[in-house]
Amino acid sequence: MNRDHGGDIDRAQARFGGGDWIDLSTGINRRPWPVGQVPEAVWRALPTESARARLIAVAAAWFGCEAEQVLPMAGASAPIQLLPRVLPKGRAAVIAPSYNEHAASLRAAGWQVGDVPTIEAMAGADLAVVVNPNNPDGREWAPDVLADLADRVGHLVVDESFADPRPDLSLAGRMPANVSILRSFGKFWGLAGLRLGFLLGAPSLLASVAREAGPWSVNGQALEIGAAAMADAAWADAAVVYHSEAALRLDRLAMQRGWQVVGGTHLFRLYETGDAEAAQDGLARSQIWTRRFPYSGGWLRMGIPGDHAEWDRVAAAMKR
């Protein structure tokens, strides 16, 4: 089933031609962690339990939870697909607008799904899904607010795919028993092709999801690279500083063009352009790809440029 997503650079090239495209249609860090040389043995062998244990230990320290509460998975998309099949089916409430895979996966698994505008409207649901910070508008909720919500629903799923630069938003350090947290690796560390993510939660639920995922669901390269990247605190600190400043810079360019800032995160910004199709097409003529949404005629989402050359091209294109 085709669903609306960013990263559809093939469509951009088919319409506007090939060349050196800057893909800002996703929230993936364009300054990725430097992988370097991966030992040859990692490519030849099946993933080992020792490598998996190393990654879990590093990830638990990064998230601020216990190792037994961490399950590595093949991207954050894997638990989005599997949780609806493992949890008892019922009535689900999903914050809207938000990342569209949550509602779609729930419906595909047989859940009754209602899109709601606020977390207050989620009370009484068998399952509530909140993306924090939210994609695409950057709305955020404090951990205390979400912990309170957990008391008023059967199960709470919090998608923290964009929370790595904002540990103050994470519920991982105080995870209630009926809460599951999704974390992405590819977005903040900029290595989406590695297909690594995490499900955090009660060990019994993680065991059920792991059985559904099957053996060797995370490859050895992801285990090795993920552990090294997540242990690199200096790189992470520098990435947060860069994106904090870069987000403000992109906002200034957008406002100079006459767009209004709707919100966003460290890794992407959302603007009201008045005509998102025209805005996207205008940037695409400079081979800069952005994201618009079927439910809004004005919203345009842009990722953060990664270097001086990209900034020069984006700035020039936004002045045209």
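In the predicted model shown above, Val179, Ile181 and Arg183 point one way from β7 and Ser180, Leu182 and Ser184 point the other way, and all of them are buried, where buried stands for under 20% relative accessible area, exposed for over 50% and partly exposed for what lies in between, with a 1.4 Å probe and protein chains only. The strand is thus named as mostly covered, with six of its six residues buried; strands here are DSSP runs of E with at least two residues, and helices are runs of H or I with at least four, both numbered from the N terminus. Because this is a predicted model, local features need pLDDT of at least 70 and side-chain atom pairs count only at pLDDT 80 or more, while totals for chains, interfaces and linings use all residues. Residues are numbered from 1 along each chain as its sequence is written, and side-chain values use heavy atoms, with hydrogens and water left out.

On one pairing, β7 runs parallel to β6, joined by four bridges, and Asp159 stands opposite Leu182 of β7; two strands pair if DSSP finds at least two bridges between them. On another, β7 runs antiparallel to β8, again through four bridges, with Ile181 standing opposite Leu200 of β8.

Strand β8 also leads into the aromatic contacts. By the rule that rings of Phe, Tyr and Trp (its six-membered ring) pair if their centres lie within 6.5 Å, with planes under 30 degrees apart counted as stacked, over 60 as edge-to-face and the rest as tilted, the count comes to 13 aromatic pairs. One of them joins Phe63 and Phe198 edge-to-face, at 5.3 Å centre to centre and with 75° between the planes. This pair links distant parts of the chain, since Phe63 belongs to helix α3 (residues 49-63) and Phe198 to strand β8 (residues 197-200), 135 residues apart. Phe63 counts as buried because its relative accessibility is 7%, and Phe198 is buried with a relative accessible area of 0%.

A further edge-to-face pair is formed by Phe162 and Phe268, at 4.9 Å centre to centre and 85° between the planes. Phe162 lies in the loop between β6 (155-159) and β7 (179-184) and Phe268 in strand β10 (residues 268-272), so the pair ties together parts that are 106 residues apart in sequence. Both Phe162 and Phe268 are buried. Elsewhere, Trp62, Phe185, Phe188, Trp189 and Trp235 form one aromatic cluster.

Strand β10 in turn belongs to an open sheet of four strands, in the order β9-β10-β13-β12, with antiparallel pairing. Its edge strands, β9 (260-264) and β12 (291-292), each pair on one side only. Two bridges join β12 to the antiparallel strand β13 (residues 299-303), where Leu300 is the bridge partner of Arg292.

Rings also meet charges in this model. The charged end of Arg31 sits over the ring of Tyr242, 3.8 Å from its centre, and that of Arg249 sits over the ring of Trp311, 4.2 Å from its centre; the criterion asks that NZ of Lys or CZ of Arg be within 6 Å of the ring centre and within 35 degrees of the ring normal.

At the level of the whole protein, there is a division into domain 1 (9-32 + 234-319) and domain 2 (40-231), with bounds that come from an automatic or database domain assignment. Taken over C-alpha atoms, the centres of domain 1 and domain 2 are separated by 26 Å. Across the boundary, 20 residues of domain 1 are in contact with 18 residues of domain 2, contact meaning heavy atoms within 4.5 Å.
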